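Have the sequence and the 3D view open side by side. We will go from the whole chain down to single residues.

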Amino acid sequence: MDSINQNQPEDNFKNLEGEDANKKIKELAESAESCFFITNIKTGIPLSVRPMSIQKIDDEGNFWFLSANDSHKNAEIGTDPFVHLLFQGSKYAGFLNIYGIAEISQDKEKIKELWEPILKTWFTEGEDDPRISVVKVEPSEGYYWDNKHGAMIAFAKQAIGAALGKTLDDSVEGKLVV
């Protein structure tokens with residue numbers, strides 16, 4: 001544990017497993033302001049990073065995206081299915097780091113399930129556009145950083161800690177084992 005965390009009067013490290021990990025993943029990912037989808041993890045070439053919108057997170061913690069089947073992302077996944085997802089909820093909390101394995105399909109039923117009208121911006125022929133593919137990311141491991149009691153209490157603890165010269169931090173972090 002690092003020196004800042006050692007100065008804490010309360011525990012701020014909590015690993016989560018199974019259902020608790022899935023709940024935390026879903027909570028943080030669904031409330032995130034941004035998601036970055038990273039490919040080329042194991043190829044030895046520079047990582048490719050792009051913003052992506054999650055269409056769904058299922059009860060098993062899998063992430064579902066819609067993507068163009070002729071995109072660079074799909075080609076990269078075809079070469080190296082290991083991906084990295086990064087989420088940021090706010091400037092101060094709700095950070096999520098997920099490693100997983102991506103799988104691409106042309107599942108028409110899943111496309112219909114995930115379809116939203118705004119997607120016609122990219123898939124101009126609608127949900128039957130032949131360029132649509134489904135990308136499923138199954139998490140293998142993760143890490144999170146969050147606040148225990150929300151932004152207001154976290155800010156109050158920080159302010160009191162600064163005034164007293166003590167480490168009073170409402171953060172919590174830990175490994176996510178799904």
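What follows is a walk through this structure, starting with the overall layout. Keep in mind that the model is predicted.

Begin with the chain. It has 178 residues, and 43% of them count as buried. Five helices and nine strands make up its elements. From the N terminus on, these elements run α-β-α-β-β-β-β-α-β-β-α-β-α-β. The accessible surface comes to about 10200 Å². Carbon and sulfur atoms hold 54% of that surface. How much of the contact network links residues far along the sequence? Among contacts with a separation of 6 or more, 69% are between residues 24 or more positions apart.

Now find the paired strands. Strand 6 covers residues 82-88, and strand 7 covers residues 95-105. The two run antiparallel and are joined by seven bridges. One pair to look for is F82, whose bridge partner in strand 7 is I101. Strands 6 and 7 form a hairpin, with six residues between the strands. In that hairpin, G94 takes a positive phi near 75°.

Strand 7 also pairs with strand 8, which spans residues 132-147. Here 11 bridges join the two strands, again in antiparallel fashion. Near this pairing, trace S105 across to its bridge partner in strand 8, V134.

Turn next to helix 3, residues 72-79. Which of its residues are buried? They are K73, N74, E76 and I77. Seen down the helix axis, these buried residues fall within an arc of 160°, so they line one face of the helix. The other side carries H72, G78 and T79, which are exposed. What does the buried face meet? Its residues pack against strand 2 (34-39), strand 3 (48-51) and strand 5 (63-68). They also pack against strands 6, 7 and 8. The hairpin strands described above are therefore among the packing partners of helix 3.

Helix 4 comes later in the chain, at residues 108-114, and includes K110. Is K110 buried or exposed? Its relative accessible area is 13%, under the 20% cut-off, so K110 counts as buried. Now leave aside its neighbours within four places in sequence. K110 is then in contact with K56, W64 and V134. V134 has appeared already, as the bridge partner of S105.

I57 gives a second buried example. It lies in strand 4, which consists of residues 56-57. Its relative accessible area is 5%, so it falls under the 20% limit for a buried residue. Which residues touch I57? Beyond its neighbours within four places in sequence, they are K26, A29, E30, N62 and F63. Take A29 from that list. It is 28 residues from I57 in sequence. In space, the two C-alpha atoms are 8.3 Å apart.

Finish at the surface. A nonpolar patch of about 330 Å² is made there by F36, L47, V49 and L86. F36 lies in strand 2. Is F36 buried, exposed or partly exposed? Its relative accessibility is 33%, which lies between the cut-offs of 20% and 50%, so F36 counts as partly exposed. Strand 2 thus contributes F36 to the patch, and the buried residues of helix 3 pack against that strand as well.

Key:
Residues numbered from 1 in each chain as written. Predicted model: local features only at pLDDT ≥ 70, side-chain atom pairs only at ≥ 80, totals over all residues. Heavy atoms only, no water. Helix = DSSP H or I, 4+ residues; strand = E, 2+ residues; numbered from the N terminus. Buried < 20%, exposed > 50% of the residue type's maximum accessible area, 1.4 Å probe, protein only. Contact = heavy atoms within 4.5 Å. Pairing = 2+ DSSP bridges. Arc of directions from axis to C-beta. Patch = residues over 30% accessible without salt bridge, like charges linked within 9 Å, V, L, I, M, F, W, Y side chains within 5 Å. Areas by Shrake-Rupley, 256 points an atom, 1.4 Å probe, with all protein chains shown as cover. Salt bridge = Lys/Arg side-chain N within 4 Å of Asp/Glu carboxyl O.
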